[in-house]
Amino acid sequence: MYCKNCGQELNENQEVCLSCGFKKGNGSKYCQNCGSAVRDPGQEICINCGAKLHNSDLFGDGSPNLAGQNKWVMAIICFLVGTLGIHNFIMGENKKGIFKIIMTCCCGIGFIFMLIDFVRILTDSYVVDPTKLV
Ligand SMILES: [Zn+2]
Ligand SMILES: [Zn+2]
């Protein structure tokens, strides 16, 4: 485990880097698996060891179930504009979003699906299926 900000080696149970003060998992300049420098900030995978550079830590308390989006932000967006499937579009679920727009505009029942999603997001039972994203 290495500091992603300065490349310093960290212990497994160490929460903060002693040389730069960054929290473990924060920063994007070094690979946390092998400690090699990352040249391109948009790089997804370490060229040295193949480890993924962006984990869910990058999103703060973002939920892996919600494609890395913050649960509370998604719940609020869902509540306010969920009838138009905006939260679905943000999480990459375009088909579900379009479905909600149709349900809202044609049948006026989009709010039912919005309420279901809202409750599922709040209770951590909403899971984005990465294989169904378009
Ligand atoms: Zn550091
Ligand atoms: Zn690496």
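This is a short tour of helix packing, aromatic pairs and two backbone oddities in a predicted model.

**Stop 1: H1 against H4**

Start by selecting residues 71-81, which make up helix H1, and residues 110-122, which make up helix H4. Look down the pair: the axes are 9 Å apart and the packing angle is about 165°. Anything over 145 degrees counts as roughly antiparallel, so that is the label H1 and H4 get. While you're rotating the view, note that H1 and H4 cross in a left-handed way.

Now show side chains at the contact. From H1, pick Lys71, Trp72, Met74, Ala75, Cys78 and Phe79; facing them from H4 are Met114, Asp117, Phe118, Ile121 and Leu122. Colour them by class and you'll get 9 nonpolar and 2 charged residues, with no polar ones in the contact of H1 with H4.

**Stop 2: the rings**

How many aromatic pairs does a search of the whole structure find? There are 2 of them.

Stay where you are for one, phenylalanine 79 with phenylalanine 118: the ring centres sit 5.0 Å from each other and the planes make 45°, a tilted arrangement. Phenylalanine 79 belongs to H1 and phenylalanine 118 to H4, so to speak two distant parts of the chain, 39 residues apart, linked by one pair. Switch on a surface and compare the partners. Phenylalanine 118 is buried because its relative accessibility of 18% is under the 20% cut-off. Phenylalanine 79, at 47%, is partly exposed.

Next, select phenylalanine 99 and phenylalanine 113. Here the centres are 5.2 Å apart and the planes meet at 75°, so this pair is edge-to-face. Phenylalanine 99 sits in helix H3 (residues 94-107) and phenylalanine 113 in H4, 14 residues apart, and again the pair links distant parts of the chain. Are these two rings buried or exposed? Neither label fits: phenylalanine 99 is partly exposed at 37% relative accessibility, and phenylalanine 113 is partly exposed at 25%.

**Stop 3: two positive phi angles**

Move to the segment before H1 and click on alanine 67. Its phi is near 55°, a positive value in a residue that isn't glycine. Alanine 67 is partly exposed, with a relative accessibility of 36%.

Then jump to the segment after H4, where you'll find aspartate 124. Aspartate 124 isn't a glycine either, yet its phi is positive, at about 65°. With a relative accessible area of 46%, aspartate 124 also counts as partly exposed.

Technical notes:
Residues numbered from 1 in each chain as written. Chains lettered and ligands numbered in written order. Predicted model: local features only at pLDDT ≥ 70, side-chain atom pairs only at ≥ 80, totals over all residues. Heavy atoms only, no water. Phe/Tyr/Trp six-rings, centres within 6.5 Å; stacked < 30°, edge-to-face > 60°. Helix = DSSP H or I, 4+ residues; strand = E, 2+ residues; numbered from the N terminus. Buried < 20%, exposed > 50% of the residue type's maximum accessible area, 1.4 Å probe, protein only. Axes fitted to C-alpha atoms, helices over the stretch in contact; angles between N-to-C directions. Parallel < 35°, antiparallel > 145°, perpendicular 65-115°, else oblique. Left-handed = near helix turned anticlockwise from the far one by under 90°. Contact = heavy atoms within 4.5 Å. Nonpolar A, V, L, I, M, F, W, Y, C, P; charged D, E, K, R; others polar.
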